[in-house]
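Trainee: I'd like to learn how to read a model like a structural biologist would. Could you walk me through one, feature by feature?

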Amino acid sequence: MTVTGAVTRYFTTFEDREEAFREGVFSLVARKHLGPTRFWNDFKRISLENLLAFVREPVACITSDPRDCLAFGTPWQVLSAAVRTACQIGTDLNMTAAQLAERVGLTENLHQPVRTLSGGETVKLTLAKARAATVFSRRMAVSSPFCWLSAQNRIHFDDLLEDCAHRHVEVNIFALEGEDDLRPVSEADVLRLNSTPSVPFFLDLQGLRIPLTPAMGLLGEKTAFATVADFKADLVSPCLWVGNNGQGKSLVAKALARTTAHSGKARVRGPSGAESARLLFQDVMTQTLLRSLDALEQFFGSAQEQKAAKAIGGRILDGCRASAPAVPESGNQGGLARHDTSLLAIKSALVAARLGVRPGALILDEPDWGLTRRTAIDFVLSVIGEAHGMGVPVILISHKPWWTPLARSRVAVSRSDRSVSAKTAGSFDIRLSVDGRGHP
């Protein structure tokens, strides 16, 4: 279909979409979802012929993980390089790095490390960089933009499409089926969730500060922090965290899961008594470190723990089989099939390993990434069923309205930037509040 001058193609699997996207950019993007061997083979096969094809027909691209498009440490560095390239090749950009950042609402983030940006902020940065590339590109290829941007920030993508139309740049969008559908889940899905018991849990944040600048920063540079207001609440799973892009949802989640440095108290206590959460990142490929399913299983613990995790992962996949018929049968495999290299199997394995330790909570950050709408819903419901059966509460982080009917409690996350006169530029405050629109 055509949307605002862009041609959108829809795919039924992450793998098919990635293959089509690679073809659209002269195979200059190495595949990360098939393990390190395939990644490096793809990298080695990038030839002078591929590069010459790109020179003859320049293509601006935004990959399914927008961090792949960002080679520098801060938005200022990324956009300054993009402006310089555009000025050397193009003719009429007439915008500075600061102006590009302002167009997408990243002025406050210009000197914040890219690694600390939220998913939405990261894709806004790639949109700004892509805008600079429109002065010399004939085409633009975009992979799944709808799973990163909140409704409030969709305007920045539409703005880029208008700029491409003005410059006669052809836009090709590669999307997964239903990823741009804004309808909440169906009543049948709610009934499926209601067949599982509720799991209460307690969330406690006290004196929490999360550093935003690298430990090895510039000499004399002051560390910027995200400071989280104290928060205590009795909640019920599944708990939905809502908020616009860049409000700090993922940062707080990483502190709860002990995956980022922080000071103060960040604990979540469920029926198991554990006080730390486990987290499934939105950018799953980063979390796997290019490891295959076979390699991941080696980190699941003892042989007995590996067997249990594989069984959990197999049951999660079973719950997705109706919407993902390509999933191998798990009955004769003892759980996950070792030859299954799909993203769905990888996500199921990562969740299974985390559930195996019975954490204080399991956090799913934008769980629809890389999945069609129907498969994402089946995946989330299967994970909740497994987790609740083990007494583990589930926190969903998402800006999509899909999950609203499933929430038995809700937490709103908001951010306020410090004034320019604040002691440390780039610092900001995060506030959590109980949202009364959860479904008891």
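Mentor: Let's go from the whole chain down to single residues. Keep in mind that this is a predicted model.

Trainee: Fine. How many helices and strands does the chain have?

Mentor: Counting elements gives you a first map. Here there are 14 helices and 15 strands. Then look at burial: of the 440 residues in the chain, 56% are buried. Contacts add a further layer. Among those with a separation of 6 or more, 76% join residues 24 or more positions apart.

Trainee: Which residues have the most contacts inside the largest nonpolar core?

Mentor: For a core, look for buried nonpolar side chains that touch one another. The largest one has 65 residues, and M140, V351, F379 and W403 have the most contacts inside it. Take V351: leaving out residues up to four places away in sequence, V351 touches L280, I316, L362, L364, F379 and V383. There's also a second, separate core of 34 residues, with I210, V228, V268 and F281 among its members.

Trainee: How do I read a helix pair? At what angle do α12 and α13 pack?

Mentor: Check angle, axis distance and handedness, then the residues in between. Helix α12 (residues 303-318) and helix α13 (residues 343-355) pack at about 130 degrees, with axes 8 Å apart. The two are therefore oblique to each other, and their crossing is right-handed. On the α12 side the contact uses A309, I312, G313, I316 and L317, while α13 brings L344, A345, S348, V351, A352, A353 and L355. By class, that contact has ten nonpolar, two polar and no charged residues.

Trainee: And α8 with α14: which residues make that contact?

Mentor: Geometry again before the list. Helix α8 (residues 187-194) packs on helix α14 (residues 373-389) at about 15 degrees, with the axes 10 Å apart. Since angles under 35 degrees count as roughly parallel, that label fits α8 and α14. Their crossing is right-handed. D189, R192 and L193 of α8 meet R374, I377, D378, L381, S382 and I384 of α14. The classes here are four nonpolar, one polar and four charged residues.

Trainee: What about one strand residue, say I430? Is I430 buried or exposed?

Mentor: Place the residue first, then check its accessible area and its neighbours. I430 sits in strand β15 (residues 428-435). I430 is buried, because its relative accessible area is 1% and the cut-off for buried is under 20%. Beyond four places in sequence, its contacts include A226, V228, L251 and V413. L251 turns up again in helix α9 (residues 249-256), where seven of the eight residues are buried and L251 is one of those seven.

Trainee: Which backbone details should I flag?

Mentor: Most residues other than glycine have a negative phi, and most peptide bonds are trans. Now for the exceptions here. R258, which follows α9, has a positive phi near 60 degrees. R358 has a positive phi near 50 degrees; R358 lies in the loop between α13 and β12 (361-365) and is partly exposed at 42% relative accessible area. E366 has a positive phi of about 45 degrees. E366 belongs to the loop between β12 and α14 and is buried, at 5%.

Trainee: Where is the cis peptide bond?

Mentor: Look for omega near 0 degrees: the bond from S237 to P238 is cis. P238 is in the loop between β8 (231-237) and β9 (239-242).

Notes
Residues numbered from 1 in each chain as written. Predicted model: local features only at pLDDT ≥ 70, side-chain atom pairs only at ≥ 80, totals over all residues. Heavy atoms only, no water. Axes fitted to C-alpha atoms, helices over the stretch in contact; angles between N-to-C directions. Helix = DSSP H or I, 4+ residues; strand = E, 2+ residues; numbered from the N terminus. Parallel < 35°, antiparallel > 145°, perpendicular 65-115°, else oblique. Left-handed = near helix turned anticlockwise from the far one by under 90°. Contact = heavy atoms within 4.5 Å. Nonpolar A, V, L, I, M, F, W, Y, C, P; charged D, E, K, R; others polar. Core = buried A, V, L, I, M, F, W, Y, C linked by side-chain atoms within 4.5 Å. Buried < 20%, exposed > 50% of the residue type's maximum accessible area, 1.4 Å probe, protein only.
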